[in-house]
Amino acid sequence: MVMGGAVSDGGARNTAPVEQVLMFPSGTVALSSAGPILRVWDLIAGGRCLRALSNHQKTITAMAFNSDASRLLTGGLDHMVKVYDVSTYKVVHTMRYPSPILCLAVSPDETHIAAGMSDGTLSVRRRQAKPSASSANDLFSPAALRTGAFESFLGNLPSLGQGHVKSKQKSKPVGDVNELRVESKRKRRLKEYDRFLKTFKYSAALDSVLRKQVPPSTAFSLIQELIHRDGLRTALAGRDDVLLEPVLRLLLKHVADPRFGQMVCDVANLVIGQSPIIDTLFLRLRKKVAAELKFQQELIRARGALDMLFATSALMSAS
């Protein structure tokens with residue numbers, strides 16, 4: 001089974017990394033997610049792809065079944081959790097979360113949904129169980145009427161021979177004391193780079209995160225998303241010296257950060273040798289990398305010296 005889309009111009013298949021694989025309890029059908037595409041595979045027929053669903057805008061990172069495998073839940077980097085009916089593979093429900101989804105689970109009684117997000121938050125949502133018809137019919141049973149339970153259901157009735165004067169003012173609806181009121185919130189607006197990603201404008205999305213007020217974690221997260229979508233080369237294509245300079249300055253500033261080292265190398269391999277100005281910035285980048293390596297070597301020497309001192313001190317204290 002090969003993941004990916006159509007064949008590219010060079011004859012190679014545009015493969016995407018597989019994020020999740022989920023097997024049906026019967027063992028005959030498997031689900032896989034590669035990028036924003038969810039695929040259904042028939043294992044009996046030799047791994048034939050039955051369906052390819054693209055209901056997410058970004059990479060699908062988590063999949064889970066309910067207790068009887070009649071519903072499939074998928075979560076992705078687009079902050080969305082979608083619920084599928086496995087009989088038709090149509091989306092029957094959608095939930096939005098404040099951050100990208102990394103993992104997903106459903107409780108055995110199907111009353112709680114747990115989702116782990118990229119900001120370190122674990123979200124647990126509870127589904128209210130539907131009231132059964134038998135509980136409503138119990139209010140009108142002979143036993144309930146004999147005990148006077150119907151009064152609590154129908155409210156306080158006026159006694160015989162007493163009139164009921166209606167008030168001219170309209171009564172305000174009053175809920176239960178323990179009732180939780182959920183106020184509607186305004187729809188959250190997407191960031192500029194999210195809007196460009198949604199419309200596949202990769203170059204404009206990269207330009208929007210190269211501004212000074214955008215934190216580096218956001219900029220490199222978008223670069224990582226472009227790498228997953230195989231769109232980084234498209235975002236950097238056709239740029240002149242002026243448009244490539246902000247990219248190189250971002251790499252030069254954060255090359256010593258261990259969180260972004262691998263992505264700095266990935267971007268640098270795509271833009272090296274395109275112009276004299278870019279080559280000059282790469283020379284500065286090389287000097288900074290050399291200085292960082294020298295600093296790390298000095299740290300290793302200092303650590304070795306400290307280890308020798310601590311070992312000598314331990315031997316002297318033991319003797």
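How do β10 and strand β11 pair, and over how many bridges? In this predicted model, the two strands pair in the antiparallel sense, over five bridges, with β11 covering residues 122-126. One position in this pairing can be located by residue: I113 stands opposite R125 in β11. The two strands form a hairpin with four residues between them, and in its turn G120 has a positive phi of about 85°.

On its other side, β10 meets strand β9. Strand β9 spans residues 101-106 and strand β10 spans residues 112-117; they run antiparallel and are joined by five bridges. Within this pairing, I101 has M117 of β10 as its bridge partner, while L104 is bridged to A115. The hairpin of β9 and β10 has five residues between the strands, and here E110 takes a positive phi near 60°.

Taken together, these strands make up an open sheet of three strands in the order β9-β10-β11, with antiparallel pairing. Strands β9 and β11 are the edge strands, each pairing on one side only. From one strand to the next, the twist averages 20°.

Earlier in the chain, S70 offers a view of the loop between β5 (60-65) and β6 (71-76), where this residue is found. S70 counts as partly exposed because its relative accessibility is 24%, a value between the limits of 20% for buried and 50% for exposed. The side chain of S70 makes a polar contact with the side chain of D68, at 2.8 Å. Leaving aside residues up to four places away in sequence, S70 touches Y84, D85 and V86. In addition, S70 and S87 lie 7.4 Å apart in space, C-alpha to C-alpha, with a sequence separation of 17 residues.

The aromatic residues are considered next. Two aromatic pairs are found in a search of the whole structure. In the pair of F24 and F65, the ring centres are 4.7 Å apart and the planes stand at 55°, so the pair is tilted. This pair links distant parts of the chain, 41 residues apart: F24 is in the loop between β1 (18-23) and β2 (29-34), and F65 is in strand β5. F24 counts as buried because its relative accessibility is 12%, and F65 counts as buried at 14%.

F200 and Y202 form an edge-to-face aromatic pair, with 6.4 Å from centre to centre and 75° between the planes. Is F200 buried or exposed? At 55% relative accessibility, F200 counts as exposed, whereas Y202, at 13%, counts as buried.

The description closes with the nonpolar interior. The largest nonpolar core has 28 residues, and those with the most contacts inside it are L206, F220, L222, I223, L226 and V267. At least two residues of this core come from each of α5 (202-208), α6 (216-228), α7 (232-236), α8 (241-253), α9 (261-271) and α10 (276-318). Apart from this core lies another, of 15 residues, including L22, V29, L38 and A69. Within the largest core, V267 is one of the residues with the most contacts. Not counting residues up to four places away in sequence, V267 touches I223, L232, L236, V247 and L251.

Definitions and conventions: Residues numbered from 1 in each chain as written. Predicted model: local features only at pLDDT ≥ 70, side-chain atom pairs only at ≥ 80, totals over all residues. Heavy atoms only, no water. Pairing = 2+ DSSP bridges. Buried < 20%, exposed > 50% of the residue type's maximum accessible area, 1.4 Å probe, protein only. Contact = heavy atoms within 4.5 Å. Polar contact = N/O pair within 3.5 Å; in protein donor to acceptor, adjacent residues only side chain to side chain. Axes fitted to C-alpha atoms, helices over the stretch in contact; angles between N-to-C directions. Core = buried A, V, L, I, M, F, W, Y, C linked by side-chain atoms within 4.5 Å. Phe/Tyr/Trp six-rings, centres within 6.5 Å; stacked < 30°, edge-to-face > 60°.
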